[in-house]
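Dear colleague,

I am handing over the structure we spoke of, with the sequence alongside. Please open both before reading on, as the notes that follow go through the features one by one.

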Amino acid sequence: MTHDDSTADAVSGPGGTPSGPSPVRPATSDAAATEPGTSPSPSDAALPPGLAPAALTLFGDRLDLAAAYAELLATDGVVRGLIGPREAPRIWDRHLLNCAAVAERVPSGATVLDVGSGAGLPGLVLAIARPDLTVTLIEPLARRTSFLIEVVERLGLAKSVRVFRGRADEAATGSSGRDPISGDVVTARAVAPLDRLAGWSLPLAVRGGRLLALKGSSAAAEIEEHAEVVTRLGGGEPTVHLCGVDVIDPPTTVVEIVRERMIGPRPAAGKRTRAGRSRRR
């Protein structure tokens, strides 16, 4: 959920993890991150009855999978410091449903890259809600990628989700012997202001692909302030969409930017990406 410029190692997720010791840390390694007197409980992840209709609409027959992820967030996620203890009882309305609503802006069968994935929001939520998607979770911090790898494995999502340990710019250009990656849709939530976010995210999108940035009430102001920067970076005019109208309250605010032009350094023509598609010029 938060972009970090810490030094990144070449650690991939399921299907791409290098040989050697497992990068997954014991759940107790970050126990100090919890607040004194708190004790994470699976009951914190219970779906409130009032949200059940919305959850069923957004997750359908994969609602049980979403519930399993909610429990992991409310327990291991809190212990490891990825979710604040006070957030645990609000996982469904503030996090899962808020992210799942964005699926309506994602084309069928799309390749999705989630920048600054953190605890997997919104990337893992989209992978749960939309089994037709191929999702890469991009995250530079080892503590977070360890959690993501474990969750992907425990939820049985390894065929459609991988974890890329590194920064967005490293994913876009390739580093440490890894091929660059690109996707149809780039998502981000609570990462950075729109100008910096566009600089990190648009190079990951294929031409005609889009950035979907989950924003709050600042969306219109950010667009007004940073529209010129977005244009210089090759993006089209940013637009605001409300996702989940008549399903969740409030709906999710999303700023959408289509990558209209390829700006900046690119890999050699025809080079295959880890996501299985060539970078377009």
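The secondary structure of the protein chain comes to 8 helices and 7 strands; please keep in mind throughout that this is a predicted model. The chain has 281 residues, of which 53% count as buried. Among the contacts in the chain with a separation of 6 or more, 73% are accounted for by residues 24 or more positions apart.

Helix 3 is a good place to begin. Of its 10 residues 8 are buried, so helix 3 is largely enclosed by the rest of the structure. The buried ones are Ile91, Trp92, His95, Leu96, Leu97, Asn98, Cys99 and Ala100. Their cover includes helix 1, helix 2 and helix 4 (123-129), together with strand 4 (183-189), strand 5 (205-215) and strand 7 (252-258).

Helix 3 also takes part in the aromatic pairing, for which a search of the whole structure finds 1 pair. The ring centres of phenylalanine 59 and tryptophan 92 are 6.3 Å apart and the ring planes stand at 85 degrees, so the pair is edge-to-face, an angle over 60 degrees being what that term requires. Since phenylalanine 59 belongs to helix 1 (residues 52-59) and tryptophan 92 to helix 3 (residues 91-100), the pair ties together parts that are 33 residues apart in sequence. Both phenylalanine 59 and tryptophan 92 are buried.

Helix 1 also holds alanine 54, which is buried with a relative accessible area of 9%. Leaving out residues up to four places away in sequence, alanine 54 touches Leu97, Val247 and Ile248. Alanine 54 and alanine 101 are separated by 47 residues in sequence, while their C-alpha atoms are 9.6 Å apart in space.

Turning to the packing of helices, the axes of helix 2 (residues 63-79) and helix 5 (residues 142-154) come within 11 Å and cross at roughly 145 degrees, and the crossing is right-handed. On the helix 2 side the residues in contact are Tyr69, Leu72, Leu73, Asp76 and Gly77, and they meet Phe147, Glu150, Val151 and Arg154 of helix 5. Sorted by class, this contact has 5 nonpolar, 1 polar and 3 charged residues.

As for charged pairs, the count comes to 11 salt bridges. In one of them, the side chains of arginine 94 and glutamate 87 meet at 2.8 Å, N to O, and arginine 94 counts as partly exposed at 38% relative accessibility. Arginine 167 forms a salt bridge with aspartate 169, with the closest N and O atoms 3.2 Å apart, and a salt bridge with glutamate 170, where the closest N and O atoms are 3.8 Å apart. Aspartate 169 is partly exposed, with a relative accessible area of 36%, whereas glutamate 170 and arginine 167 are both buried. Elsewhere, salt bridges that share partners join Asp76, Arg80, Glu150 and Arg154 into one network.

A further acidic residue, glutamate 222, lies in helix 8 (residues 219-232) and is buried, its relative accessible area being 12%. Apart from its neighbours within four places in sequence, glutamate 222 is in contact with Pro193, Leu194, Lys215 and Ala227.

Lastly, some points of backbone geometry may be worth a look on your screen. Where are the cis peptide bonds? One runs from leucine 121 to proline 122, with omega near 5 degrees, and proline 122 is found in the loop between strand 1 (111-115) and helix 4. Another runs from aspartate 249 to proline 250, with omega near 0 degrees, and proline 250 is found in the loop between strand 6 (239-243) and strand 7. The loop between strand 6 and strand 7 is also the place of aspartate 246, which has a positive phi of about 70 degrees although it is not a glycine. Aspartate 246 counts as exposed, at 80% relative accessibility.

With best wishes

Definitions and conventions. Residues are numbered from 1 along each chain as its sequence is written. Side-chain values use heavy atoms; hydrogens and water are left out. Rings of Phe, Tyr and Trp (its six-membered ring) pair if their centres lie within 6.5 Å; planes under 30 degrees apart count as stacked, over 60 as edge-to-face and the rest as tilted. Helices (H or I, at least four residues) and strands (E, at least two) are DSSP runs, numbered from the N terminus. Buried means under 20% relative accessible area, exposed over 50%, partly exposed in between (1.4 Å probe, protein chains only). A salt bridge is a side-chain nitrogen of Lys or Arg within 4 Å of a carboxyl oxygen of Asp or Glu. Axes are lines fitted to C-alpha atoms, for helices over the stretch in contact, and angles run from 0 to 180 degrees between N-to-C directions. A crossing is left-handed if the near helix is turned anticlockwise from the far one by less than a right angle, and right-handed if clockwise. Contact means heavy atoms within 4.5 Å. Ala, Val, Leu, Ile, Met, Phe, Trp, Tyr, Cys and Pro count as nonpolar, Asp, Glu, Lys and Arg as charged, and the others, Gly among them, as polar.
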